[in-house]
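Open the model in a viewer and keep the sequence panel visible. The stops below say what to select and what is there.

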Amino acid sequence: MGIGFMLNKIDLNNSFNLLRNLLEQKRINQNEAQVLSGLDDFNFQKLFSDFIYERRKINILVCGGAGFIGSNFIHYMLEKYPGYKIVCFDKLTYAGNRNNHLAIEHLPNYHFVQGDITDLPHLQNVISEQQISHIINFAAETHVDRSIHGDSKDFVLTNTLGAQTLLEAVRKQKIEKFIHISTDEVFGDTDFDSKELFSENDLFKPSSPYAAAKAGGDLLCRAYFRTHKTPVIVTHCSNNYGPFQFPEKMIPFFLFKLMKGDKVPVYGDGRNIRDMIHVRDHVRALDLLLHKGKPGEVYNIGSDNERSNMEITRMILKIVGKDESAIKYVTDRPGHDRRYAINSEKIRALGWAPEYTSEHFEKGLRETIEWYLNNRAWVDDLWSRQNEMNGWMDSFAERSAKPLFITDQK
Ligand SMILES: NC(=O)c1ccc[n+]([C@@H]2O[C@H](COP(=O)([O-])OP(=O)(O)OC[C@H]3O[C@@H](n4cnc5c(N)ncnc54)[C@H](O)[C@@H]3O)[C@@H](O)[C@H]2O)c1
């Protein structure tokens with residue numbers, strides 16, 4: 001009796017269980033299982049992903065893995081999937097920090113390669129030597145203020161040309177999935193009192209050179225999928241907070257200032273709104289997309305946790321036991337976006353939801369601050385570089401009257 005005939009006779013659940021058994025016993029391969037299941041690629045991956053991924057060799061190249069979100073991703077994946085190999089590929093710019101990996105660098109399935117994502121031959125060698133099956137790209141120049149007050153050339157090189165180089169590497173080698181991390185900033189901003197949420201297919205209206213360079217990378221991903229069927233997924237996430245963030249960004253920057261006894265520099269009236277997501281929720285979403293995301297698709301990732309910069313500043317001051325006399329108001333950042341808010345229904349439909357929801361934000365912020373306070377060796381290593389961070393703010397006019405703006409979260 002043929003397997004197809006048997007499957008017609010039993011209900012769907014039993015069919016899938018039978019297919020699992022047949023796969024387990026190696027009596028059929030994955031392609032045959034998919035044909036017999038009658039499922040398309042996406043639903044087959046979705047329903048059989050645990051089975052497939054448990055038994056396959058997953059070697060992930062994590063570009064920009066020595067930065068804030070990349071480090072959190074690597075820690076999470078090594079803990080959750082001890083059978084996967086993680087290769088961190090990072091240029092180690094000022095924002096890359098090998099101290100982020102001290103707790104994992106002894107693991108046999110963790111490797112570090114110093115390299116630049118605009119270097120195609122190097123990428124190709126690493127992909128072949130390490131037998132890479134998946135790539136996730138966090139590598140970027142990320143500080144909006146630097147793209148405004150400094151030369152934005154490096155932003156274009158890494159954020160746009162770097163994305164194109166990775167797409168070429170994926171096209172030339174056999175990579176199952178490439179996840180490109182973008183940002184909600186490509187969509188521009190909305191009015192403070194608007195209720196608008198950005199959706200995956202909204203127009204790009206970037207305000208800063210940083211966001212424009214990211215938008216260039218995203219468009220290339222969409223074009224490579226359309227033209228070459230490159231298996232790429234693009235994500236647009238909102239503002240992250242959590243451990244390992246380089247202290248030029250608002251939360252650790254303010255904390256470092258307060259630890260040193262300095263005032264925190266606030267740009268303007270602090271009304272600017274960001275949807276704050278805990279970095280652990282972001283990496284959980286990326287884990288899901290790595291296994292169940294559909295190539296060619298774009299996913300927004302947000303927490304529905306809109307907070308004004310002033311609200312966050314007040315919460316930080318409260319947690320560390322300071323009052324508003326610790327704020328100094330400085331002139332606005334040029335082109336400062338007012339409000340970002342995104343609709344993340346699409347990824348929620350795949351089964352993801354933030355664990356640090358809006359009502360847990362204060363808890364998440366408190367835990368984050370405690371992490372920095374409890375990891376003095378990590379902080380001390382960066383302590384001497386504080387003066388290099390956001391140096392242009394010192395030349396901004398200090399305002400004693402009505403506040404105008406606040407240092408932004410990214
Ligand atoms: N931090 C946020 O709130 C946030 C929100 C949404 C999206 N994103 C995106 O997530 C990604 C990671 O952000 P992050 O905050 O972790 O950044 P980060 O600045 O902390 O880390 C960036 C990492 O990329 C590396 N890098 C830079 N140029 C490189 C190059 N040419 N080749 C190889 N490595 C290079 C750096 O050394 C660093 O380790 C970025 O693409 C960013 O646009 C960040």
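Begin with strand E5, residues 177-183, in this predicted model. Both of its faces are covered: on one side Lys177, Ile179, Ile181 and Thr183 are buried, and on the other Phe178, His180 and Ser182 are buried too. With 7 of its 7 residues buried, E5 is largely enclosed by the rest of the structure.

**The neighbours of E5**

Next, add strand E4, residues 134-137. E4 and E5 run parallel and are joined by 4 bridges. To find one of the pairings, select isoleucine 136, whose bridge partner in E5 is isoleucine 179.

Keep isoleucine 179 selected and add strand E6, residues 232-237. Which residue of E6 is the bridge partner of isoleucine 179? It is isoleucine 233. E5 and E6 also pair in the parallel sense, here over 6 bridges.

**Two helices**

Now select helix H8 (residues 153-172) together with helix H9 (residues 209-228). Two packed helices are described by the distance between their axes and the angle between them. For H8 and H9, the axes come within 7 Å and cross at roughly 15°. That angle makes H8 roughly parallel to H9, and the crossing is right-handed.

Show the side chains where the helices meet. On the H8 side, select Phe155, Val156, Asn159, Thr160, Ala163, Gln164, Leu167 and Arg171. On the H9 side, they meet Pro209, Tyr210, Ala213, Lys214, Gly216, Gly217, Leu220, Cys221, Tyr224 and His228. Colour this contact by class and it divides into 10 nonpolar, 6 polar and 2 charged residues.

**An open sheet**

Move on to the sheet with the strand order E7-E9-E11. These 3 strands form an open sheet with mixed pairing. Which strands are at its edges? They are E7 (239-241) and E11 (306-308), each of which pairs on one side only. From one strand to the next, the twist averages 50°.

Within this sheet, select E9, residues 273-278, along with E11. The two pair in the antiparallel sense over 3 bridges. Label arginine 274, then look opposite to arginine 307 in E11.

**The whole chain**

Finally, clear the selection and show the full protein chain. Its secondary structure comes to 16 helices and 14 strands. Of its 410 residues, 43% are buried. Among contacts with a separation of 6 or more, 83% are between residues 24 or more positions apart.

Note on methods: Residues numbered from 1 in each chain as written. Predicted model: local features only at pLDDT ≥ 70, side-chain atom pairs only at ≥ 80, totals over all residues. Axes fitted to C-alpha atoms, helices over the stretch in contact; angles between N-to-C directions. Parallel < 35°, antiparallel > 145°, perpendicular 65-115°, else oblique. Left-handed = near helix turned anticlockwise from the far one by under 90°. Contact = placed C-beta atoms within 7 Å. Nonpolar A, V, L, I, M, F, W, Y, C, P; charged D, E, K, R; others polar. Buried ≥ 20, exposed ≤ 12 C-beta atoms within 10 Å, placed from the backbone. Pairing = 2+ DSSP bridges.
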